[in-house]
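The following exercises concern a single protein chain. Each task is followed by a solution that proceeds step by step.

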Amino acid sequence: MTTLNKGQQRQVEQIKAMHYLGSYAAAAASLSGEIRMARKQSQKNELIDLAVSLGLHTHPKFIIMTIVEVQYA
């Protein structure tokens, strides 16, 4: 079950499309912004899992300032 709201789900679909089309910098920047804007920790965790599964967590444009970042580095 997803914990993302409808707006976040739409943004995730756009991020996946960017990634599919090879626009990794835009996808990484957009996804890190979504993580920073997420209110619930469960939403942040789900978005970080997506970043890891897409391989965006190591991209230079993927910038988040949380303790969780260290766990996936």
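## Exercise 1. The surroundings of Gln8

Task: Establish which residues Gln8 touches beyond its sequence neighbours, and decide whether Gln8 is buried or exposed.

Solution. The model under study is a predicted one.

Step 1. Setting aside residues up to four places away in sequence, Gln8 touches Glu34, Ala38 and Gln43.

Step 2. Gln8 belongs to helix α1. Of its partners, Glu34 is listed with the buried residues of α2, and Gln43 with those of α3.

Step 3. One of these partners also makes a polar contact: the side chains of Gln8 and Gln43 meet at 3.2 Å.

Step 4. Buried means under 20% relative accessible area. Gln8 has a relative accessibility of 6% and therefore counts as buried.

## Exercise 2. A second glutamine in the helix

Task: Determine where Gln11 is placed, and which residues it contacts when neighbours within four places in sequence are left aside.

Solution.

Step 1. Gln11 is found in helix α1.

Step 2. The relative accessible area of Gln11 is 19%, so this residue is buried.

Step 3. With neighbours within four places in sequence left aside, Gln11 is in contact with Ser30 and Glu34. Both Ser30 and Glu34 are buried residues of α2.

Step 4. Glu34 thus appears in two sets of contacts, that of Gln8 and that of Gln11.

## Exercise 3. The two sides of α1

Task: Describe the length of α1, and explain why its buried residues line one face of the helix.

Solution.

Step 1. Helix α1 has 15 residues; from its first C-alpha to its last it reaches 21 Å, close to the 21 Å expected at 1.5 Å a residue.

Step 2. The buried residues in α1 are Gln8, Gln11, Val12, Ile15 and His19.

Step 3. Viewed down the axis of α1, these buried residues fall within an arc of 105°, and so they line one face of the helix. A general rule helps to read this pattern: an α-helix has 3.6 residues a turn, so residues three or four places apart point the same way.

Step 4. The face turned away from the buried side of α1 carries the exposed residues Lys6, Arg10 and Tyr20.

Step 5. The buried residues of α1 pack against α2 and α3.

Step 6. The ends of the helix complete the description. At the start of α1, a side-chain oxygen of Asn5 comes to within 3.1 Å of the backbone nitrogen of Gly7. After α1 comes Gly22, which has a positive phi near 90°.

## Exercise 4. Helix α3 and Asn45

Task: Compare the span of α3 with the expected value, and locate its buried residues.

Solution.

Step 1. The 14 residues of α3 should span 20 Å at 1.5 Å a residue; the end C-alpha atoms are 20 Å apart, which agrees.

Step 2. Buried in α3 are Gln43, Lys44, Leu47, Ile48, Leu50 and Ala51. They cover an arc of only 155° around the axis, which puts them on the same side of α3.

Step 3. Asn45 also lies in α3, but at 35% relative accessibility Asn45 counts as partly exposed. The C-alpha atoms of Asn45 and Thr3 are separated by 9.6 Å, although these residues are 42 residues apart along the chain.

Step 4. Just after α3, Gly55 adopts a positive phi of about 75°.

## Exercise 5. The core and the whole chain

Task: Identify which elements give two or more residues to the largest nonpolar core, and place this core within the protein.

Solution.

Step 1. The largest nonpolar core has 15 residues, and Val12, Leu31, Ile35, Leu47, Leu56, Phe62 and Ile64 have the most contacts inside it. The elements that give two or more residues to this core are α1, α2 and α3.

Step 2. Helix α2 comprises residues 24-37, and its buried residues pack against α1 and α3.

Step 3. Leu31, a buried residue of α2, touches Ile15, Leu47, Leu50, Ala51, Leu56 and Phe62, residues up to four places away in sequence not being counted.

Step 4. The protein as a whole has 4 helices and 0 strands. Of its 73 residues, 34% are buried.

Step 5. Among contacts with a separation of 6 or more, 56% join residues 24 or more positions apart.

Technical notes:
Residues numbered from 1 in each chain as written. Predicted model: local features only at pLDDT ≥ 70, side-chain atom pairs only at ≥ 80, totals over all residues. Heavy atoms only, no water. Expected span 1.5 Å × (residues − 1). Buried < 20%, exposed > 50% of the residue type's maximum accessible area, 1.4 Å probe, protein only. Contact = heavy atoms within 4.5 Å. Core = buried A, V, L, I, M, F, W, Y, C linked by side-chain atoms within 4.5 Å. Polar contact = N/O pair within 3.5 Å; in protein donor to acceptor, adjacent residues only side chain to side chain. Arc of directions from axis to C-beta.
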